[in-house]
Amino acid sequence: MKRLSTIGLLAAILSASLSVHAQAGEAVTVYQDPNCGCCHGWAEHMRAEGFDVREVPSSDMAAVKARLGVPMDLASCHTARLESSGQIIEGHVPASAVRKLLASKDMRGAAAPGMPLNSPGMGAMDGNLVTVDFDGRPFSRD
């Protein structure tokens, strides 16, 4: 009986691990001003979390945001698109919130408006970064 419990526990751990890794391999295209260093910092954060990130320089970020449907009141310095779902990530949204977004297929996108100092690519995370959905409602706290 104890052996079956151990096997069940190991199976659950393996299943959860595969689920996280499947999401972590998600392809992300990030559009960024070629002169912005913090955008590259966010891309590096996402790579460190296992995402497959492609950086695309753009000198007209306003046009990119308009094309991808980013609400202007939620704008930040870079805009990313999750390739499998088409969902949008605006700004310095942490990987944990991106994984939550991937699990919420009915959501258009998530944003960290402005350039919060306690966000990936900007500074140390302190547990107080609030990301919002594209309707401006709180989505995640990291």
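**Exercises on strands, salt bridges and a helix face**

Just after α3, G69 has a positive phi of about 80°. The model is predicted, so local features need pLDDT of at least 70 and side-chain atom pairs count only at pLDDT 80 or more, while totals for chains, interfaces and linings use all residues. Residues are numbered from 1 along each chain as its sequence is written, and side-chain values use heavy atoms, with hydrogens and water left out. Helices (H or I, at least four residues) and strands (E, at least two) are DSSP runs, numbered from the N terminus.

**Exercise 1. Describe how β4 pairs with β3 and with β5.**

Step 1. Two strands count as paired if DSSP finds at least two bridges between them.

Step 2. Strand β3 (residues 78-82) and strand β4 (residues 88-91) run antiparallel and are joined by three bridges. Here A80 stands opposite I89.

Step 3. Five residues lie between β3 and β4, which form a hairpin. In the turn, G86 has a positive phi of about 80°.

Step 4. With strand β5 (residues 109-112), β4 pairs in the parallel sense over four bridges. The bridge partner of E90 in β5 is A111.

Step 5. Together with helix α4 (residues 95-103), β4 and β5 make a left-handed β-α-β unit. A crossover is called right-handed if, with the strands pointing away from the viewer, the path from the first strand over the helix to the second runs clockwise.

**Exercise 2. Find the salt-bridge partners of E44, R99 and E90, and place each pair in the chain.**

Step 1. The criterion is a side-chain nitrogen of Lys or Arg within 4 Å of a carboxyl oxygen of Asp or Glu. A search of the whole structure with it finds seven salt bridges.

Step 2. E44 meets R47 at 2.8 Å, N to O. Because E44 and R47 are three residues apart in helix α2 (residues 37-48), about one helical turn separates them.

Step 3. For accessibility, buried means under 20% relative accessible area, exposed over 50%, and partly exposed in between (1.4 Å probe, protein chains only). E44, at 37%, counts as partly exposed, and R47, at 29%, also counts as partly exposed.

Step 4. R99 bridges to E49, with the closest N and O atoms 3.2 Å apart. This pair links distant parts of the chain, 50 residues apart: R99 is in helix α4 and E49 in the loop between α2 and β2 (52-57). R99 is buried at 16%, whereas E49 is partly exposed at 34%.

Step 5. E90 bridges to K65, the closest N and O atoms being 2.6 Å apart. E90 lies in strand β4 and K65 in helix α3 (residues 61-68), so the pair ties together parts that are 25 residues apart in sequence. Both E90 and K65 are buried.

Step 6. Salt bridges that share partners also join E44, R47 and E55 into one network.

**Exercise 3. Which residues of α3 are buried, and what covers them?**

Step 1. The buried residues of α3 are M61, V64, K65 and L68.

Step 2. Seen down the axis of α3, these residues fall within an arc of 95°, so they line one face of the helix. The arc is that of the directions from the helix axis to the C-beta atoms.

Step 3. An α-helix has 3.6 residues a turn, so residues three or four places apart point the same way.

Step 4. A62, A66 and R67 are exposed, on the face of α3 turned away from its buried side.

Step 5. The cover over the buried residues of α3 includes β1 (27-32), β3 and β4, where contact means heavy atoms within 4.5 Å.
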